[in-house]
Amino acid sequence: MPFIDGDTIISADGRIESVGTGEADSVRGCDVVIDANGTIAIPGLIDSHVHVTFGDYTPRQKTVGFLESYVHGGVTTAISASEVHVPGRPKDVTGIKALAVAASKCFQTYRPGGMRVHAGSLILEPGLVDADFAELTAAGVWMVKAGFGAFQTPYDYAPLVKLAREHGMVSMVHTGGSSIPGSSGIWADHLLKIRPDISYHVNGGPIAMPDEDFTRLVNESEMALQVCTAGNLRTTLLVSDLLAAAGRLDRLLIATDTPTGSGIMPLGMLYTISHLTSLGNLPPEIAIAAATGNNAIAYRLNNGIIASGRDADIVLIDSCMGGSKSDALSSLRNGDVPAIGAVITDGVPRFVGRSRNTPETMRRVSVARSNIVQDFSATSH
């Protein structure tokens, strides 16, 4: 159900309490009341392919504060595609385990700009055994990434992905041509033998598979297929068309695959949503779901859907001031990114009024009442 009618969302203690039509009494006890002024509420975007390192810094692009900047692009959750860009990245079993555990634990309490970061994706290397996966899951590591290990062929990842699955871990595999020195191309035949949960940047990261491979993945597997802004746009549209024809758009995931050689992309998620909608004729609400709820389901997260009991990660979007369309969904159909009027994560407003990375909203979003000594503007903290 892409839409729900209503004018009020109430959250407490980081969770959504109710969604629907509210009376004045229903918000009387709230510490902060935001007047959405007719804008559209969507779940916070989940970027399921971000190459974090440690802290809010990327050595690949020598940029500080990129994650906090992504919050201003509506991204409330980032998922590590492995800490492959850590300088001097270890490749021995002891080192890769230590890297995954350290990254996972560092981001458990560190939330740049209010963003939730799921870090510590184990980079699969030769020598890992069952006991290593048991040790890692006990330490809180729950993701593995194949594609950068020192294996003779990609087929050699299959036994380790199977072990990860047996320990309840989510598995992701690099797809397409090699992206960094030492990696290799991974195609449909490899993926069908490896059987990961998610085919990463299936549209190319940055080099795409042959077209016939996409048909095989759609028809011969159940894995989620992730398309990324930093990949091939033509094959992004191809994946969407194939999944739509198969009635399996629930398997479509949107991400950015940044920071990479393509740079950092605070509005990358919104651009891919607009491309799928305006060029691929995907309904905008379905494209938004591919960037939110589909990712949440694939990664077993509690956000990504606006419903009672879910994490209160909410973004208010609208058409851009001065644009040719009157609402956010029409703007997306037109190929425009929407304006962002507010971002709330964990039930806390991170900014209200205007994102520093988008034009102003056509309808002004404001704080109607606050018991907190803070104005929640984009420059107030």
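User: Let's start with one residue. In which loop is the place of Ser 82?

Analyst: Happy to help, and keep in mind that this is a predicted model. To place Ser 82, look at the elements on either side of it: strand S8 (75–80) and helix H2 (93–106). The place of Ser 82 is in the loop between strand S8 and helix H2.

User: Is Ser 82 buried or exposed?

Analyst: A residue counts as buried when its relative accessible area is under 20%. The relative accessibility of Ser 82 is 0%, so Ser 82 counts as buried.

User: What is phi of Ser 82?

Analyst: The angle here has a positive value, and Ser 82 is a residue other than glycine. Phi of Ser 82 is near 95°.

User: Let's turn to Lys 62. Is Lys 62 buried or exposed?

Analyst: Lys 62 sits in the loop between strand S6 (57–58) and strand S7 (63–64). Phi is positive for this residue too, near 50°. The cut-off for exposed is over 50% relative accessible area. Lys 62 has 69%, so Lys 62 is exposed.

User: Which residues does a cis peptide bond join?

Analyst: The clue is the omega angle, which is about -10° here. One partner, Pro 259, lies in the loop between strand S15 (252–255) and helix H8 (268–278). The cis peptide bond joins Thr 258 and Pro 259.

User: Now for Thr 358. How far is the backbone nitrogen of Ile 340 from a polar atom of the side chain of Thr 358?

Analyst: Thr 358 is in the loop between strand S18 (348–352) and strand S19 (366–370). Its relative accessible area is 4%, so Thr 358 is buried. Among the residues that Thr 358 touches, leaving out those up to four places away in sequence, are His 72, Leu 267 and Ile 340. From the backbone nitrogen of Ile 340 to a polar atom of the Thr 358 side chain is 3.1 Å.

User: How many disulfides does the structure hold?

Analyst: A disulfide is a covalent bond between the sulfur atoms of two cysteines. Cysteines are present here: Cys 30 is buried at 18% relative accessibility, while Cys 106 is partly exposed at 41%. Even so, the number of disulfides in the structure is zero.

User: How many residues are in the largest nonpolar core?

Analyst: In soluble globular proteins, nonpolar side chains tend to be buried together. In this model, the members of the largest core that touch the most other members include Leu 67, Leu 122 and Phe 133. Leu 122, for example, touches Ile 96, Ala 100 and Met 143, among others. The largest nonpolar core has 72 residues.

User: How many residues does the second, separate core have?

Analyst: Its members include Ile 46, Ile 79, Ala 81 and Met 143. The second core has 13 residues.

User: What is the radius of gyration of the protein?

Analyst: The protein has 11 helices and 19 strands. For 381 residues the globule rule gives 21 Å, and the protein's value is close to that, so it is as compact as a globular protein of that length. The radius of gyration is 20 Å.

User: What share of the contacts with a separation of 6 or more comes from residues 24 or more positions apart?

Analyst: Start with the setting: of the 381 residues, 55% count as buried. Then look at contacts between residues with a separation of 6 or more, and pick out those 24 or more positions apart. Their share is 74%.

Technical notes: Residues are numbered from 1 along each chain as its sequence is written. This is a predicted model: local features need pLDDT of at least 70, side-chain atom pairs count only at pLDDT 80 or more; totals for chains, interfaces and linings use all residues. Side-chain values use heavy atoms; hydrogens and water are left out. A disulfide is a pair of cysteine sulfur atoms within 2.5 Å. Buried means under 20% relative accessible area, exposed over 50%, partly exposed in between (1.4 Å probe, protein chains only). A nonpolar core is a set of buried Ala, Val, Leu, Ile, Met, Phe, Trp, Tyr and Cys residues joined through side-chain atoms within 4.5 Å. Contact means heavy atoms within 4.5 Å. Helices (H or I, at least four residues) and strands (E, at least two) are DSSP runs, numbered from the N terminus. The radius of gyration is taken over C-alpha atoms; the globule rule is 2.2 Å times the number of residues to the power 0.38. A polar contact is a pair of N or O atoms within 3.5 Å; within protein, one must be able to donate a hydrogen and the other to accept it, and residues adjacent in sequence count only if both atoms are side-chain atoms.
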